[in-house]
Structures are given as C-alpha cells and as structure tokens.
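Where does this protein leave open space, and how do its helices pack? The report below takes these two topics in turn.

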Amino acid sequence: MKIPNINRIIFLFLLVLPINLYSQNSSEDQKGTRTIYLIRHGQYNDKDTSDSDIGKKLTPLGVAQARLVSARLKGMPVEFSSLTSSTMTRARETAIVINQDFPELKLQQSDLIRECTAPTRRKDIMKETDSLELIECKTNLEKAFKEIFIPSPDSKDRNDIIICHGNVIRYFVTKVLNVDTMSWLQMSITNCSLTIIRVLPDGTMKLDTFSDYGHIPENMRTFTGGDNEIKELVVPVVK
C-alpha cells in the first residue's frame with residue numbers, strides 16, 4: 001500500500017525519534033570508572049613503643065620505598081583525583097613523600113583505614129586479639145569500603161590514591177573478590193606495593209593487581225608473612 005507523503009514523513013519521524021531519545025539518555029546516564037590505587041606504607045620502626053600517631057616513623061628504607069612508588073605513579077599517564085592516608089604516622093609520612101610529587105592534590109586523612117586486626121580464620125590471632133578490637137576493626141573497614149569503593153558520580157573517570165595498611169588492603173581485596181573476609185590473612189603484602197582496583201559504572205569491581213612491587217628492587221623489599229627481616233638502606237660509596 002502506498003503511504004501518502006504527509007503520512008510517510010510522520011512515519012519516518014516516529015522511526016527516528018526513539019533513536020534520538022535513546023542516544024540522549026545514554027549520554028546523560030554515562031558514568032566514568034573509578035580506579036583506586038591502594039598503597040601500603042613504607043617500612044617503619046616497629047621497635048618504637050610510642051603511640052602510632054606520634055612515633056613508629058618511617059625508616060630511611062621506608063622513605064626510599066615511598067619515593068619509588070611515587071615515581072611509579074608519576075610515570076603513569078593518569079590524572080589523579082585525590083590523595084588520602086590513614087592517620088597513623090607511617091601512613092601519613094608515606095603520603096607526604098608522595099604528595100611532594102603531586103602538590104596539586106590536597107592530602108586528606110581518614111580514621112577508618114587505620115591498621116587493625118579483623119576477624120580471621122587463624123585461631124592463634126583470634127585468641128590473642130581483644131574481641132572489642134576485632135569488632136571495631138570490622139565495623140570501620142566495612143564503613144570505609146562502602147565510602148571508598150563506589151562508582152564515579154558522573155562521566156569523568158576518577159583515580160584515587162589511598163595510603164593505608166597491610167591488614168586494611170587485604171581485607172578490602174577479599175571484599176572485592178566477594179570471598180570470606182576471614183581469609184584476609186592468607187595474603188602477604190609488600191611495603192609500598194600497589195594494589196589497583198577498578199569500580200565500574202554499574203558498581204561491579206575488578207582487581208587489576210595485588211601487592212605489585214615491580215618498582216622496588218628485591219634488596220629493598222620488605223613484606224608481611226614468613227621470616228621477614230628488617231632491612232637497612234645501604235647507600236653505595238662512589239669512589
């Protein structure tokens with residue numbers, strides 16, 4: 001059947017209109033990706049018995065480790081959006097070193113990502129850790145996870161640097177992988193290593209890398225787990 005000219009125009013308009021509306025809505029609903037760069041602090045003086053907010057400072061090796069991870073971040077073709085650290089000395093000092101390479105970022109701090117011991121399968125750890133500490137740790141980390149691991153609010157990609165602690169990062173990784181959080185102690189993590197996690201627009205998460213320390217020479221590496229000896233920074237004498 002032949003369609004009259006006016007009807008033909010209306011017919012074609014109705015065919016095109018839904019496509020235009022769909023394209024417009026798709027553009028408005030488009031979201032960016034949030035990439036989170038979790039960094040464990042550098043080696044610190046664990047023999048110091050003073051408070052973790054005052055003492056337990058980075059060793060010279062810990063400062064060198066922080067400079068190495070900062071240099072790696074600086075070499076990435078990425079525009080970073082934020083810089084946050086735990087309030088503990090070793091995390092703050094690591095963040096200060098990194099902040100020197102990224103002066104455009106305002107250093108923020110959070111109590112929720114302080115080092116703590118969460119419930120674990122290890123009976124020996126559970127036995128020697130106060131039950132209130134276990135509960136408080138889990139509560140803080142769950143709250144921090146909900147605040148940090150969220151999609152970008154708009155179409156812009158976000159790249160957030162977070163300097164915290166080994167237990168904290170390992171707990172977060174179990175959450176990202178959707179496995180039992182009590183398995184966090186099954187992982188070992190290197191000082192000033194990179195753990196990178198992407199939060200996609202729909203809220204799903206992908207672990208890109210865990211405890212990547214490719215920027216740290218093996219003789220400068222310190223980590224949790226096993227017989228980990230405290231190392232000193234050795235500066236070669238140039239003759």
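What follows covers two pockets and two helix pairs in a predicted model.

**Pockets**

Rolling a probe the size of a water molecule over the atoms shows where empty space is left. The two pockets compare as follows.

| Pocket | Volume | Lining residues | Nearest the centre |
|---|---|---|---|
| Largest | About 560 Å³ | 26 residues | E115, C116, T117, N167 and W184 |
| Second largest | About 240 Å³ | 14 residues | S82, T84, E147, I148 and I162 |

Take the largest pocket. Three elements give two or more residues each to its lining: α4 (123-128), α5 (131-148) and α6 (166-176). The largest share comes from α5, with four residues. By class, the lining of the largest pocket holds 10 charged, eight polar and eight nonpolar residues.

Now the second largest pocket. Strands β2 (82-86), β3 (107-110) and β4 (158-164) each supply at least two residues of its lining, and so does helix α5. The lining of the second largest pocket splits into six nonpolar, five polar and three charged residues.

**Helix pairs**

Two packed helices are described by the angle between their axes and the distance between the axes.

Start with α2 (residues 60-74) and α3 (residues 89-101). Their axes come within 9 Å and cross at roughly 40°. How are α2 and α3 set to each other? The angle is neither under 35 degrees nor in the range 65 to 115, so α2 and α3 are oblique to each other. The crossing of α2 past α3 is right-handed. On the α2 side, the contact takes in V63, A66, R67, V69, S70, A71, L73 and K74; they meet T94, V97, I98 and D101 in α3. The residues of this contact comprise seven nonpolar, two polar and three charged.

Next come α5 and α6. These helices pack at an angle of about 60°, with their axes 11 Å apart. That angle makes α5 oblique to α6. Is the crossing of α5 past α6 left-handed or right-handed? It is right-handed. Which residues of α5 and α6 meet? From α5 come K138, L141, E142, A144 and F145, and from α6 come V168, Y171, F172, K175 and V176. Seven residues of the α5 contact with α6 are nonpolar, three are charged and none is polar.

**Linking the two topics**

Helix α5 recurs in both topics. It lines the largest pocket, supplies residues to the lining of the second largest pocket, and packs against α6. Helix α6 also gives residues to the lining of the largest pocket.

Notes. Residues numbered from 1 in each chain as written. Predicted model: local features only at pLDDT ≥ 70, side-chain atom pairs only at ≥ 80, totals over all residues. Heavy atoms only, no water. 1 Å grid on protein atoms, 1.4 Å probe; cavity = no way out; pocket = protein on both sides within 12 Å on 5 of 7 lines; lining within 4 Å. Points joined across faces, edges and corners; volume = space filled by probe spheres on them. Nonpolar A, V, L, I, M, F, W, Y, C, P; charged D, E, K, R; others polar. Axes fitted to C-alpha atoms, helices over the stretch in contact; angles between N-to-C directions. Parallel < 35°, antiparallel > 145°, perpendicular 65-115°, else oblique. Left-handed = near helix turned anticlockwise from the far one by under 90°. Contact = heavy atoms within 4.5 Å.
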